[in-house]
Amino acid sequence: MGTNSRLKDKVALISGAASGIGAAHAKVFASEGAKVVIADIQEDKGSEVLNTITESGGEAIFINLDVTDKNAWNSCVMEALKAYGKLDILINNAGIFHPGGLEEETEEGWQKIMDINLKGVFLGMKACIKELKKTGNASIVNISSLYGIKGAPGSISYNVSKAGVHLATKAAALEYARLGVRINSIHPGQIITPIIANLTPEQDSAIKESIPMGRSGQPEEVAYTSLFLCSDEASYITGAQILVDGGWGAG
């Protein structure tokens, strides 16, 4: 891995770390000295991320994690402690998207998004917070979305779930501000990940035209923002919301 060490000897648990933004977090954090827990239900892809990290000299393990299951979260934390003895960082990244406006969305579709995107974040913080407090200098980053701040037609469940992540972050940040755990949220715009694979070329072009910087973001650009928030460089930042969106949310 790289020679940098902004997270030297820290242990980071990253949900949804087998692909996309989560995988970028795992690789970037390992390159900065963190011991990484790759937590995901995608075992094959998770193993690929694990191999990439270890072959480059980093430290990581893979743990199968269904973020909607509190017992799975508790087991994941216990395995992380068994492997590394502590927990310094939680990245709540796992999430899904499917389109659906008020009339199109189903109750089942609504519940699925809420379970993964919002309940998963709640369960992750709840499962990890006891161990994070023990370090006296821990960090949680919850991956929300630009659509957790501004509305968009045709994605009501996603909007609401990510808005919930936004405010859950602020509520938890206030609760733990004097207990050694900083908690912030990142709000990506359009990032090149599997979650946007179903966009038509026309849709993709229309979105890019609305982004002031004129392009989609890379997963690593989100991961490096989290890297800053989880490092000691961000020691006075908690309860913040940071947009990583090419200026899309500024308008």
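In the predicted model, Gln42 is in contact with Ala18, Ser19 and Phe62 once its neighbours within four places in sequence are left aside. The residue is placed in the loop between β2 and α2, the latter comprising residues 43-55, and its relative accessibility of 29% means that Gln42 counts as partly exposed, since the partly exposed class lies between the 20% limit for buried and the 50% limit for exposed residues. With respect to Lys86, Gln42 is separated by 44 residues in sequence and by 24 Å in space, taken from C-alpha to C-alpha.

Strand β2 itself contains Lys35. Although lysine carries a charged side chain by class, Lys35 has a relative accessibility of 16% and therefore counts as buried, because that value falls under the 20% limit. Apart from residues up to four places away in sequence, Lys35 touches Asp9, Lys10, Val11, Ala12, Glu59 and Tyr84. The C-alpha atoms of Lys35 and Gly217 lie 26 Å apart, with these positions 182 residues apart in sequence numbering. Asp9, one of the residues touched by Lys35, belongs to the segment before β1 and is partly exposed, with a relative accessible area of 41%. The backbone of Asp9 has a phi near 70 degrees, which is a positive value in a residue other than glycine.

The loop between β3 and α3 holds Asp66, which counts as partly exposed at 33% relative accessibility. The side chain of Asp66 is joined to that of Thr68 by a polar contact of 2.8 Å, and, not counting residues up to four places away in sequence, Asp66 touches Ile41, Ala72 and Trp73. Between Asp66 and Val11 the separation is 55 residues in sequence and 20 Å in space, C-alpha to C-alpha.

Helix α3 runs over residues 70-84, and its 15 residues should span 21 Å at 1.5 Å a residue; the end C-alpha atoms are 21 Å apart, so the expected and modelled spans agree. At the N-terminal end, α3 is capped by Asp69, a side-chain oxygen of which lies 2.9 Å from the backbone nitrogen of Asn71. Just after the helix, Gly85 adopts a positive phi of about 85 degrees. The buried residues of α3 are Ala72, Trp73, Cys76, Val77, Ala80, Leu81 and Tyr84, and they pack against the strands β1 (11-15), β2 (35-40), β3 (59-64) and β4 (89-92) as well as against helix α4 (107-135). Two of these helix residues recur in contacts already described, Ala72 and Trp73 being touched by Asp66, while Tyr84 is touched by Lys35.

Empty space within the model was also examined. Rolling a probe the size of a water molecule over the atoms shows where such space is left. The count of cavities of 30 Å³ or more comes to 1, and the largest cavity has a volume of about 30 Å³. Its lining is formed by Ser15, Val67, Trp73, Asn92, Asn93, Ala94, Ile116, Gly120 and Val121, with the largest share, 3 residues, contributed by α4. By class, the lining of the largest cavity divides into 5 nonpolar and 4 polar residues, with no charged residue. Trp73 is thus both a buried residue of α3 and part of the lining of the largest cavity.

The largest pocket encloses about 1300 Å³ of space. The elements that give two or more residues to the lining of this pocket are α1 (20-31), α5 (156-176) and α6 (201-210), and the largest share, 3 residues, comes from α1. In total the largest pocket is lined by 46 residues, among which Ile96, Phe97, Thr193, Ile195 and Ile196 lie nearest its centre. The lining of the largest pocket comprises 24 nonpolar, 18 polar and 4 charged residues.

Helix α7, made up of residues 219-230, includes Ser226, which counts as buried because its relative accessibility is 0%. The side chain of Ser226 makes a polar contact of 2.7 Å with the side chain of His25. Leaving aside neighbours within four places in sequence, the residues in contact with Ser226 are His25, Phe29, Ile91, Val141, Ile143 and Ile186.

Key
Residues are numbered from 1 along each chain as its sequence is written. This is a predicted model: local features need pLDDT of at least 70, side-chain atom pairs count only at pLDDT 80 or more; totals for chains, interfaces and linings use all residues. Side-chain values use heavy atoms; hydrogens and water are left out. Helices (H or I, at least four residues) and strands (E, at least two) are DSSP runs, numbered from the N terminus. The expected span of a helix is 1.5 Å times one less than its number of residues. Buried means under 20% relative accessible area, exposed over 50%, partly exposed in between (1.4 Å probe, protein chains only). Contact means heavy atoms within 4.5 Å. A polar contact is a pair of N or O atoms within 3.5 Å; within protein, one must be able to donate a hydrogen and the other to accept it, and residues adjacent in sequence count only if both atoms are side-chain atoms. On a 1 Å grid over the protein atoms alone, a cavity is a set of points where a 1.4 Å probe fits but cannot get out, and a pocket is an open set with protein on both sides within 12 Å along at least five of seven lines; lining residues have an atom within 4 Å of a point. Grid points are joined across faces, edges and corners, and a volume is the space filled by probe spheres set on the points.
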